[in-house]
Amino acid sequence: MNNTYLLINISILLIPFALSFEKKINFISNIFPIIVSILLSAGLFISWDIDAARRGDWSFNSDYTNSYRIYGLPVEEILFFITVPYSVLFMFESINYYIKNKDYREGKTAGRTSVEHACGRHYHAVSTTNPD
């Protein structure tokens with residue numbers, strides 16, 4: 001029994017969770033929608049992960065996980081689908097808060113982030129431009 005994967009999950013979550021109470025960003029004040037979004041996405045990916053592990057698409061090395069399993073998945077794998085989304089949401093909100101250039105945040109510059117592309121801002125800007 002090894003706790004390597006558990007320690008990785010803890011390290012992923014440690015700083016974002018500690019800074020979630022920082023007063024400027026106040027990330028923790030949005031905890032209910034954060035929990036709902038994480039649980040919805042985690043439910044989908046965990047069920048997919050359970051199915052893939054049962055089919056033998058991949059397995060988990062017991063040298064790096066503990067012996068506790070839920071539906072054949074190590075507890076650490078399930079925690080992964082909670083710790084990583086929480087940390088990514090925290091980083092996104094933090095970066096969004098600390099970017100001082102408002103025009104960049106609103107997508108008014110030529111350089112757009114992949115998040116802005118995923119949200120459709122680039123498509124909207126292109127589709128509303130008159131080519132004539």
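This is a short guided tour of the structure, stop by stop, with what to select at each one.

**Before you click**

You're looking at a predicted model, where local features need pLDDT of at least 70, side-chain atom pairs count only at pLDDT 80 or more, and totals for chains, interfaces and linings use all residues. Residues are numbered from 1 along each chain as its sequence is written, and side-chain values use heavy atoms, with hydrogens and water left out.

**Stop 1: the whole chain**

Colour by pLDDT, the predictor's confidence in each residue, from 0 to 100. The chain average is 81, and 74% of the residues score at least 70. Now select residues 120-132: pLDDT stays under 50 there, and the model has nine contacts for them beyond four places in sequence. Contact here means heavy atoms within 4.5 Å.

Switch to cartoon and you should find six helices and two strands, in the order α-α-β-β-α-α-α-α along the sequence. Both kinds of element are DSSP runs numbered from the N terminus: helices are H or I with at least four residues, strands are E with at least two. Of the 132 residues, 22% count as buried; buried means under 20% relative accessible area, exposed over 50%, and partly exposed in between (1.4 Å probe, protein chains only). Take the contacts between residues at least 6 apart in sequence, and 60% of them join residues at least 24 apart.

**Stop 2: helix α2**

Select 31-55, which is α2. This helix has 25 residues and reaches 35 Å from first C-alpha to last, close to the 36 Å expected at 1.5 Å a residue. (That expected span is 1.5 Å times one less than the number of residues.) Show the side chains of Ile 34, Ile 38, Ala 42, Ile 46, Asp 49, Ile 50 and Ala 52: these are the buried residues of α2. Their cover includes β2 (73-74) and α3. An α-helix has 3.6 residues a turn, so residues three or four places apart point the same way.

**Stop 3: the two cores**

Next, select Ala 42, Ile 46, Ile 50, Phe 60, Leu 73, Ile 78 and Phe 81, the seven residues of the largest nonpolar core. Such a core is a set of buried Ala, Val, Leu, Ile, Met, Phe, Trp, Tyr and Cys residues joined through side-chain atoms within 4.5 Å. Two elements, α2 and α3 (75-98), give two or more residues to this core, and α2 has the largest share with three. Click on Ile 50: beyond its neighbours within four places in sequence, this residue is in contact with Tyr 71 and Leu 73.

There's also a second, separate core of six residues, including Phe 27, Ile 34, Tyr 86 and Phe 90.

**Stop 4: Phe 27**

Stay with Phe 27, in the loop between α1 (4-19) and α2. Is Phe 27 buried or exposed? Buried, at a relative accessible area of 3%. Leaving aside neighbours within four places in sequence, Phe 27 is in contact with Ser 20, Ile 34, Tyr 86, Leu 89, Phe 90 and Glu 93. Draw a C-alpha distance to Glu 93 and you'll get 7.6 Å, though the two are 66 residues apart along the chain.

**Stop 5: Asp 49**

Back in α2, pick Asp 49. This residue is buried yet has no salt bridge; the nearest side chain of opposite charge, Arg 55, is 8.8 Å away. For charge, Lys and Arg count as positive and Asp and Glu as negative, with His and the chain ends not counted. A salt bridge is a side-chain nitrogen of Lys or Arg within 4 Å of a carboxyl oxygen of Asp or Glu. What does Asp 49 contact beyond its neighbours within four places in sequence? Trp 58, Phe 60, Leu 73, Glu 77 and Phe 81.

**Stop 6: the end of α2**

Select Asp 51, Arg 55 and Asp 57, which are linked in a network of salt bridges; the structure holds two such bridges. Arg 55 meets Asp 51 at 2.5 Å, N to O. Those two are four residues apart in helix α2, so about one helical turn separates them. With Asp 57, the closest N and O atoms of Arg 55 are 2.4 Å apart. Both acids are partly exposed: Asp 51 at 38% relative accessible area, Asp 57 at 45%.

Finish on Gly 56, just after α2, which takes a positive phi of about 90°.
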